[in-house]
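Thank you for making room for this in the meeting. I would like to walk you through one structure, slowly enough that someone who has never seen it can follow along on the screen.

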Amino acid sequence: MANNKVEIYTDGACRGNPGPGGWGALLMYGDVRKEIFGGERETTNNRMELSAAIFALASLKRSCDLTLYTDSKYVLSGINEWIKGWKAKGWQTSAKKPVKNVDLWKQLDQETQLHSIKWVWVKGHAGNEGNEIADQLANRGIDEL
């Protein structure tokens with residue numbers, strides 16, 4: 001896995017919450033850069049943040065050692081802290097309520113299985129080039145609906 005070092009920046013955007021939304025991801029492997037994006041007519045910001053990570057991981061062709069940068073504390077906390085408990089409790093929260101966006105959390109959980117991932121939070125809209133590109137891609141996902 002060490003030979004397949006990949007950096008990924010992901011972001012989601014929504015115009016209204018709920019409303020039209022988009023997701024974007026910038027994938028970098030050595031000198032190779034790949035940009036992907038998409039959108040949905042009626043969604044939420046959290047669903048788009050999750051979708052960005054899911055589609056980015058799904059686009060990888062083999063197991064990788066990667067760093068995934070997100071400005072979403074929801075995604076970061078969910079994958080690093082909450083998901084283990086949710087799975088143990090049958091996808092329920094500690095308050096015994098169904099996990100929101102469970103369909104996407106299950107997909108993200110599945111996509112993470114192939115890779116060694118370091119999840120890193122970056123402050124959004126703060127001049128981080130990778131995050132800014134991911135944000136532009138997410139907005140393009142809305143614009144091209």
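I will go through the strands, then the core, then one helix, and end with the salt bridges. Please keep in mind throughout that what you see is a predicted model.

Let me begin with strand β1, which covers residues 5-14 and is mostly covered, since seven of its 10 residues are buried. Strand β1 has two partners that I want to point out. With β4 it pairs in the parallel sense over six bridges, and there you can find Tyr9 standing opposite Tyr69 of β4. With β2, on the other hand, β1 pairs in the antiparallel sense, over eight bridges, and in that pairing Ile8 stands opposite Leu27, while Ala13 has Gly22 as its bridge partner. The hairpin formed by β1 and β2 has four residues between the strands, and within this hairpin Gly16 takes a positive phi near 90 degrees.

If we follow the chain into β2, residues 19-29, we again meet a strand that is mostly covered, with nine of its 11 residues buried. Strand β2 is joined to β3, residues 32-43, by 10 bridges, and these two strands run antiparallel. One of the pairs to look for is Gly19 of β2, whose bridge partner in β3 is Thr43. The hairpin of β2 and β3 has two residues between the strands, and here Gly30 is the residue with a positive phi, near 60 degrees. As a general reminder for reading such strands, the side chains of a regular strand alternate between the two faces of the sheet.

That brings me to the interior. Which residues of the largest nonpolar core touch the most other members? Of its 30 residues, they are Ile8, Leu66, Trp105, Leu108 and Trp119. The elements that give two or more residues to this core are β1, β2, α1, β4, α2, α3 and β5, and the largest share, seven residues, comes from α1. Ile8, which we have just met opposite Leu27, is a useful residue to click on, because even when neighbours within four places in sequence are left aside, its contacts include Leu26, Leu27, Ala56, Leu57, Leu60, Leu66 and Leu68. There is also a second, separate core of eight residues, which includes Met28, Val122, Ala134 and Leu137.

Before leaving the interior, I would like to stop at Ser59, which has its place in the loop between α1 and β4. Is Ser59 buried or exposed? Its relative accessibility is 16%, so Ser59 counts as buried, the cut-off for that being under 20%. Not counting residues up to four places away in sequence, Ser59 touches Leu27, Lys34 and Ile36.

Let us now turn to helix α2, residues 73-88. With 16 residues at 1.5 Å a residue, α2 should span 22 Å, and its end C-alpha atoms are indeed 22 Å apart, so the two values agree. There is nevertheless a kink of about 65 degrees in α2, centred on Trp82. The buried residues of this helix are Tyr74, Val75, Leu76, Ser77, Gly78, Ile79, Ile83 and Trp86, and they pack against α1, β4, α3 and β5. After α2 comes Gly90, whose phi is positive, near 70 degrees.

Finally, the salt bridges, of which a search of the whole structure finds five. I will show three of them, starting with Arg15 and Asp143, whose side chains meet at 2.9 Å, N to O. This pair links distant parts of the chain, with Arg15 in the loop between β1 and β2 and Asp143 in helix α4, 128 residues apart. Arg15 counts as partly exposed at 40% relative accessibility, whereas Asp143, at 53%, counts as exposed.

Another salt bridge brings together the side chains of Asp103 and Arg47, at 2.8 Å, N to O. Here too distant parts of the chain are linked, namely helix α3 through Asp103 and helix α1 through Arg47, 56 residues apart. Asp103 has a relative accessible area of 39%, which means that it is partly exposed.

The last one I will show joins Glu144 to Arg140, with their closest N and O atoms 2.8 Å apart, and Arg140 counts as partly exposed at 38% relative accessibility. With that I will stop, and I am happy to go back to any of these places on the screen.

Key:
Residues numbered from 1 in each chain as written. Predicted model: local features only at pLDDT ≥ 70, side-chain atom pairs only at ≥ 80, totals over all residues. Heavy atoms only, no water. Expected span 1.5 Å × (residues − 1). Bend = angle between axes of the 7 residues up to and from the residue. Buried < 20%, exposed > 50% of the residue type's maximum accessible area, 1.4 Å probe, protein only. Contact = heavy atoms within 4.5 Å. Salt bridge = Lys/Arg side-chain N within 4 Å of Asp/Glu carboxyl O. Pairing = 2+ DSSP bridges. Core = buried A, V, L, I, M, F, W, Y, C linked by side-chain atoms within 4.5 Å.
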